[in-house]
Amino acid sequence: MTVGFSGDVAEYYARYRRGYPPEVIDVLQAAFALTGEDAVLDLGCGTGQLAVPVASRVGSVIGMDPEPDMLRFAREAAAGQGVRNVAWVLGADTDVPALAWLLGQRSLGMAVIGQALHWMRHDELFQALFPLCRRGGGIAVVANGAPLWLQDSAWSRALRSCLEDYFDTRLEATCGTGADDRRRYAQALEAAGFAEVRESVLEYGVELGLDEVVGSVCSAIPADRLPGPQERTAFAERIRRALPPPPYRESVRVATLLGRVT
């Protein structure tokens, strides 16, 4: 059921995965006219980067993820910010049909999937979500920037080369952020019955230090391939030697694909 984001990987995820700018939450709220009466599903919620800020705009949030450790950190993040209207549920995309029983007579104002759809069977998922969404509500698929090792910069290319050499593999997966991925998702939304499918894009720049780069990398390595605690200092040093001196400028492109029930 899990995909490897457990143990120390979940801790790196909670600490180093970037959150979402308030402008992205504004787009979600406006797209589906979300109010304090709405229930929202954050599927593949991770450690709560979307569920926690969305909770302040709606009545309740269901944060669902297949990794117990991710949910533990999400619960801690919510408690630390005084957020009490989120229910953290262990489950995957294949469990979505069962939500009809949990919701009863209620419908979802929104189902949001942030940087997790590439782990799911999106065609089947969209079809399962369509009858759960209220009229005017719908789905948001959020791509929170390309992986650090697939960006158009000298330091990103150096990072990719370092990681490919260390793990003896090619790093080509775009994790749902590529243009082809977005086109496939848009077509699948329309095929499932969602209308007015469109994409909203926010771009901004940040500067990262070495610890942030290493931590973000570790948050994306499956638990069974993460260097052990005794090896991580050497792993970080290997990355440091491969990269130019910090800071590392990153251009983040947050692309939110929206489909409504009309």
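Helices and strands here are DSSP runs, numbered from the N terminus; a strand needs at least two residues marked E. The model is predicted.

**Exercise 1. Place Asn 144 and describe its surroundings.**

Step 1. Find the element. Asn 144 belongs to strand β5, which covers residues 133-144.

Step 2. Decide whether Asn 144 is buried or exposed. Buried means under 20% relative accessible area. Asn 144 has 6%, so it is buried.

Step 3. Look for a polar partner of the side chain. A polar atom of the Asn 144 side chain lies 3.3 Å from the backbone oxygen of Gly 19.

Step 4. List the contacts, leaving aside neighbours within four places in sequence. Asn 144 is in contact with Arg 18, Gly 19, Tyr 20, Gln 115, Val 252, Arg 253 and Val 254.

**Exercise 2. Describe helix α7: its span, its buried residues and what follows it.**

Step 1. Take the span. Helix α7 runs over residues 154-167 and has 14 residues. From first C-alpha to last, α7 reaches 20 Å. That is close to the 20 Å expected at 1.5 Å a residue.

Step 2. Pick out the buried residues. In α7 they are Trp 155, Ser 156, Ala 158, Leu 159, Cys 162, Leu 163, Glu 164 and Phe 167.

Step 3. Ask what covers them. The cover includes β6 (195-208), α9 (210-218), α10 (232-242) and β7 (248-260).

Step 4. Step past the end of the helix. Asp 168 follows α7, and its phi is positive, near 55°.

**Exercise 3. Which backbone oxygen does the side chain of Ser 156 reach?**

Step 1. Locate the residue. Ser 156 is in helix α7.

Step 2. Check accessibility. Ser 156 counts as buried because its relative accessibility is 0%.

Step 3. Find the oxygen. The Ser 156 side chain reaches the backbone oxygen of Leu 148, at 2.5 Å.

Step 4. Add the contacts, not counting residues up to four places away in sequence. Ser 156 touches Leu 148, Trp 149, Leu 150 and Gln 151.

**Exercise 4. Classify the packing of α7 against α10.**

Step 1. Read the geometry. The axes are 9 Å apart, and α7 and α10 pack at an angle of about 140°.

Step 2. Apply the cut-offs. Over 145 degrees would count as roughly antiparallel, and 65 to 115 as roughly perpendicular. The helices α7 and α10 are therefore oblique to each other.

Step 3. Give the hand. The α7 and α10 crossing is right-handed.

Step 4. Name the residues that meet. From α7 come Ala 158, Leu 159, Cys 162, Leu 163, Asp 165, Tyr 166 and Phe 167. From α10 come Phe 235, Arg 238, Ile 239 and Ala 242.

**Exercise 5. Do the same for α9 and α10.**

Step 1. Read the geometry. The axes of α9 and α10 come within 10 Å and cross at roughly 120°.

Step 2. Classify the angle. That makes α9 oblique to α10.

Step 3. Give the hand. The crossing of α9 with α10 is right-handed.

Step 4. Name the residues that meet. Leu 210, Val 214, Val 217 and Cys 218 are on the α9 side. Phe 235, Ala 236, Ile 239 and Arg 240 are on the α10 side.

**Exercise 6. Place Val 9 and find what it touches.**

Step 1. Find the element. Val 9 lies in helix α1, residues 8-16.

Step 2. Check accessibility. Val 9 counts as buried, since its relative accessibility is 1%.

Step 3. List the contacts, not counting residues up to four places away in sequence. Val 9 touches Gly 4, Cys 218, Ser 219, Ile 221, Pro 222, Ala 223 and Leu 226.

Step 4. Take one long separation. Val 9 and Phe 194 are 185 residues apart along the chain, and their C-alpha atoms are separated by 35 Å.

**Exercise 7. Describe the backbone at Asp 168, Cys 175 and Pro 247.**

Step 1. Start with the background. Most residues other than glycine have a negative phi, and most peptide bonds are trans.

Step 2. Take Asp 168. Though not a glycine, Asp 168 has a positive phi of about 55°. Asp 168 lies in the loop between α7 and α8 (179-191). Its relative accessible area is 69%, so Asp 168 is exposed.

Step 3. Take Cys 175. Cys 175 is not a glycine either, and its phi is positive, about 55°. Cys 175 is in the loop between α7 and α8. At 24% relative accessibility, Cys 175 counts as partly exposed.

Step 4. Take Pro 247. The peptide bond from Pro 246 to Pro 247 is cis, with omega near 10°. Pro 247 sits in the loop between α10 and β7.

Terms used
Residues numbered from 1 in each chain as written. Predicted model: local features only at pLDDT ≥ 70, side-chain atom pairs only at ≥ 80, totals over all residues. Heavy atoms only, no water. Helix = DSSP H or I, 4+ residues; strand = E, 2+ residues; numbered from the N terminus. Expected span 1.5 Å × (residues − 1). Buried < 20%, exposed > 50% of the residue type's maximum accessible area, 1.4 Å probe, protein only. Contact = heavy atoms within 4.5 Å. Polar contact = N/O pair within 3.5 Å; in protein donor to acceptor, adjacent residues only side chain to side chain. Axes fitted to C-alpha atoms, helices over the stretch in contact; angles between N-to-C directions. Parallel < 35°, antiparallel > 145°, perpendicular 65-115°, else oblique. Left-handed = near helix turned anticlockwise from the far one by under 90°.
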